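User: Please take me through this structure by way of questions, with the reasoning given for each answer.

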Amino acid sequence: MTDSDLSYWIAFSHIKGLGAVRFRLLLDRFDTLETAWKASLQSLIQQGIPVRLAALIVEGRRKLNPSELADSILQRGIQVLRWSDPAYPVLLRQIEAPPPILYYRGEIPAESGKMLAIIGTRRMTSYGASLAREISTFLSANGVIVVSGMARGVDSIAHAAALDAGGRTLAVLGCGVDVVYPPENRSLAARIEAAGALISDYPPGTPLTGSIFRHGIELSLECPAHVL
């Protein structure tokens, strides 16, 4: 069984429209997230939650069972980090609106690890592909963890080159960590999970959305970026 506090963090992360600022408000205004989850519509509004979002919370809890939801996620090997967890990336916690919760598969490295993000176009030139491979290979050979978004093109090449060089790599996703996109990257995703981590602040099952770096999670790890 999942501890009840974690189950409510997970349940609230499934409420669309509930971002980091409003999540922090819930933590500040209610004794526990369980209390916030069970609060009436009027109580949520009185504590500063916008009417539309409060209605979504009330609607969402009719459909979600926090304990069952959390158990189903953890039983699939998906791990969870909250703001309050010691292992939550320290530098990510320091940005203006850090994600309240991170989902991941694999292992997030210690903060002391050196990292660099390599991101780029999906339709790269042969030179761009060669350069991405060369840079990623060099970095991995020198103990630097390569971070990218597992998209087609430069991102996938950077991940693969890091792995081929025996290094570690992290993929920050714009979808749930159980959603492989593009689909041809299924084997690459498995390799990344084994030698690094797949990371997302989107709940499991979320299809691909907008920018993979919506919250600046690449700076979770406060790494510089090389753009190709």
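**Questions on the predicted model**

Analyst: Pro66 is found in helix α6 (residues 66-74). The model is a predicted one.

User: Is Pro66 buried or exposed, and what is its relative accessible area?

Analyst: The cut-off for a buried residue is under 20% relative accessible area. Pro66 falls under that limit and is buried, its relative accessible area being 9%.

User: Which residues does Pro66 touch, leaving aside those up to four places away in sequence?

Analyst: Pro66 and Ser4 are 62 residues apart along the chain, yet their C-alpha atoms are separated by 8.0 Å. With residues up to four places away in sequence not counted, Pro66 touches Ser7, Tyr8, Ala11 and Trp37.

User: How many helices and strands does the chain have?

Analyst: The chain has 228 residues, of which 50% count as buried. Among contacts between residues at least 6 apart in sequence, 71% join residues at least 24 apart. The secondary structure comes to ten helices and seven strands.

User: What is the mean pLDDT of the chain, and over which residues is the pLDDT below 50?

Analyst: The mean pLDDT is 87, and 89% of the residues reach 70 or more. The stretch with pLDDT below 50 nevertheless has 55 contacts in the model beyond near neighbours in sequence. That stretch covers residues 211-228.

User: At what angle do helix α1 and helix α2 pack?

Analyst: Helix α1 spans residues 4-13 and helix α2 spans residues 20-29. α1 passes α2 in a right-handed crossing. Their axes are 11 Å apart, and the packing angle is about 145°.

User: Which residues of α1 and α2 meet, and how many of them are nonpolar, polar and charged?

Analyst: From α1, Trp9, Phe12 and Ser13 take part, and they meet Phe23, Leu26 and Leu27 in α2. By class, this contact of α1 with α2 has five nonpolar residues, one polar and no charged.

User: How do the axes of α8 and α9 stand to each other, in separation and crossing angle?

Analyst: Helix α8 comprises residues 126-141, and α9 comprises residues 154-164. The crossing of these two helices is right-handed. Their axes come within 8 Å and cross at roughly 35°.

User: What is the make-up by class of the contact of α8 with α9?

Analyst: On the α8 side, the residues are Ala129, Ala132, Arg133, Ser136, Thr137 and Ser140. They meet Val154, Ile157, Ala158, Ala161 and Ala162 in α9. By class, the contact has seven nonpolar, three polar and one charged residues.

User: Is Ala141 in α8 buried or exposed?

Analyst: Ala141 has its place in helix α8. Its C-alpha lies 7.5 Å from that of Gly166, with the two positions 25 residues apart in sequence numbering. A residue counts as exposed over 50% relative accessible area. At 59%, Ala141 is exposed.

User: Where is Gly143, and is it buried or exposed?

Analyst: Gly143 is found in the loop between α8 and β4. In space, its C-alpha is 8.7 Å from that of Met115, although the two are 28 residues apart in sequence. With a relative accessibility of 53%, Gly143 counts as exposed.

User: Which residue in the loop between β4 and α9 has a positive phi although it is not a glycine?

Analyst: The loop in question lies between β4 (145-148) and α9. The residue has a phi of about 60°, and at 1% relative accessibility it counts as buried. It is Met150.

User: Which residues are joined by a cis peptide bond?

Analyst: The bond has an omega of about 0°. One of its partners, Pro182, lies in the loop between β5 and α10. The two residues joined are Tyr181 and Pro182.

User: Why do the buried residues of α10 lie on the same side of the helix, and which elements do they pack against?

Analyst: The buried residues of α10 (residues 186-195) are Leu188, Ala189 and Ile192. They lie on the same side because they cover an arc of only 100° around the axis. On the other side of α10, Arg186, Ser187 and Ala194 are exposed. The buried residues pack against α9, β5 (169-172) and β6 (196-200).

Notes:
Residues are numbered from 1 along each chain as its sequence is written. This is a predicted model: local features need pLDDT of at least 70, side-chain atom pairs count only at pLDDT 80 or more; totals for chains, interfaces and linings use all residues. Side-chain values use heavy atoms; hydrogens and water are left out. Buried means under 20% relative accessible area, exposed over 50%, partly exposed in between (1.4 Å probe, protein chains only). Helices (H or I, at least four residues) and strands (E, at least two) are DSSP runs, numbered from the N terminus. The arc is that of the directions from the helix axis to the C-beta atoms. Contact means heavy atoms within 4.5 Å. pLDDT is the predictor's confidence in each residue, from 0 to 100. Axes are lines fitted to C-alpha atoms, for helices over the stretch in contact, and angles run from 0 to 180 degrees between N-to-C directions. A crossing is left-handed if the near helix is turned anticlockwise from the far one by less than a right angle, and right-handed if clockwise. Ala, Val, Leu, Ile, Met, Phe, Trp, Tyr, Cys and Pro count as nonpolar, Asp, Glu, Lys and Arg as charged, and the others, Gly among them, as polar.
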